[in-house]
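User: Got a minute to walk me through this one? I'd like the overall picture, then the details.

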Amino acid sequence: MSALLAAVDALNARLVDAWAIGEALGHAGGDNPPAWVSVYQSQIEAIREASEVLETLTRGIGGVAPDIAKRNGIEGVER
């Protein structure tokens, strides 16, 4: 696995953790959690969306499907 793909995987793992923390904070706040909990959750969602775009570009080599990239000799592509 390339270093870039490993970094994307690490980012995804950390985003899962951050999302879980946001959910826990929301639940701990009860029916009316502090406003910063919502800010935290919305920022995690925005980062997740950006990460999804990055992962699509990384794994798809800028729009080229991984299997096509592999057939054409583009390195660093794994399925």
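Analyst: Sure, we can start with the fold and then go through one helix. Keep in mind that this is a predicted model.

User: Fine. What does the secondary structure come to?
Analyst: Three helices and zero strands. Along the sequence the pattern reads α-α-α.

User: How much of the protein is buried?
Analyst: Buried residues account for 18% of the 79 residues.

User: And the exposed area?
Analyst: The protein exposes about 5,500 Å². Carbon and sulfur atoms supply 61% of that area.

User: What share of the contacts comes from residues 24 or more positions apart?
Analyst: Counting contacts with a separation of 6 or more, 47% are between residues 24 or more positions apart.

User: Now H2. Where does helix H2 run?
Analyst: Helix H2 covers residues 35-60. H2 has 26 residues.

User: How far does H2 reach from its first C-alpha to its last?
Analyst: H2 reaches 38 Å. That is close to the 38 Å expected at 1.5 Å a residue.

User: Switching to charges. How many salt bridges does the structure hold?
Analyst: Two. Arg-48 bridges to Glu-45, at 2.6 Å from N to O. Arg-48 also forms a salt bridge with Glu-52, where the closest N and O atoms are 2.8 Å apart.

User: Why can side chains of opposite charge pair?
Analyst: They can pair when their charged atoms come close.

User: How are Arg-48 and its partners placed in the helix?
Analyst: Arg-48 and Glu-45 both lie in H2, three residues apart, about one turn of the helix. Arg-48 and Glu-52 also both lie in H2, four residues apart, again about one turn. Glu-45, Arg-48 and Glu-52 are linked in a network of salt bridges.

User: Is that network buried or exposed? Start with Arg-48.
Analyst: In between. Arg-48 is partly exposed, with a relative accessible area of 33%. Glu-45 is partly exposed at 31%. Glu-52 is partly exposed too, at 47%.

User: OK, what about greasy surface? Which residues make a nonpolar surface patch?
Analyst: Leu-11, Ile-47 and Leu-54 make one of about 220 Å².

User: Where does Ile-47 lie, and what is its relative accessible area?
Analyst: Ile-47 lies in helix H2. Its relative accessible area is 40%, so Ile-47 counts as partly exposed.

User: Then which H2 residues are buried?
Analyst: In H2, Val-37, Ile-44, Ser-51, Thr-58 and Gly-60 are buried.

User: Ser-51 catches my eye. What is its relative accessible area?
Analyst: Ser-51 has a relative accessible area of 3%. The cut-off for buried is under 20%, so Ser-51 counts as buried.

User: Which side chain does Ser-51 join in a polar contact?
Analyst: The side chain of Asn-12. The polar contact between Ser-51 and Asn-12 is 3.1 Å.

User: What else is Ser-51 in contact with?
Analyst: Leave aside its neighbours within four places in sequence, and Ser-51 is in contact with Leu-11, Asn-12 and Leu-15. Leu-11 also belongs to the nonpolar patch with Ile-47 and Leu-54.

User: Nice. Quick recap of H2?
Analyst: H2 carries the partly exposed Arg-48, which bridges to Glu-45 and to Glu-52. Ile-47 of H2 helps make the nonpolar patch. Ser-51, also in H2, is buried and has a polar contact with Asn-12.

Key. Residues numbered from 1 in each chain as written. Predicted model: local features only at pLDDT ≥ 70, side-chain atom pairs only at ≥ 80, totals over all residues. Heavy atoms only, no water. Salt bridge = Lys/Arg side-chain N within 4 Å of Asp/Glu carboxyl O. Helix = DSSP H or I, 4+ residues; strand = E, 2+ residues; numbered from the N terminus. Buried < 20%, exposed > 50% of the residue type's maximum accessible area, 1.4 Å probe, protein only. Patch = residues over 30% accessible without salt bridge, like charges linked within 9 Å, V, L, I, M, F, W, Y side chains within 5 Å. Areas by Shrake-Rupley, 256 points an atom, 1.4 Å probe, with all protein chains shown as cover. Expected span 1.5 Å × (residues − 1). Contact = heavy atoms within 4.5 Å. Polar contact = N/O pair within 3.5 Å; in protein donor to acceptor, adjacent residues only side chain to side chain.
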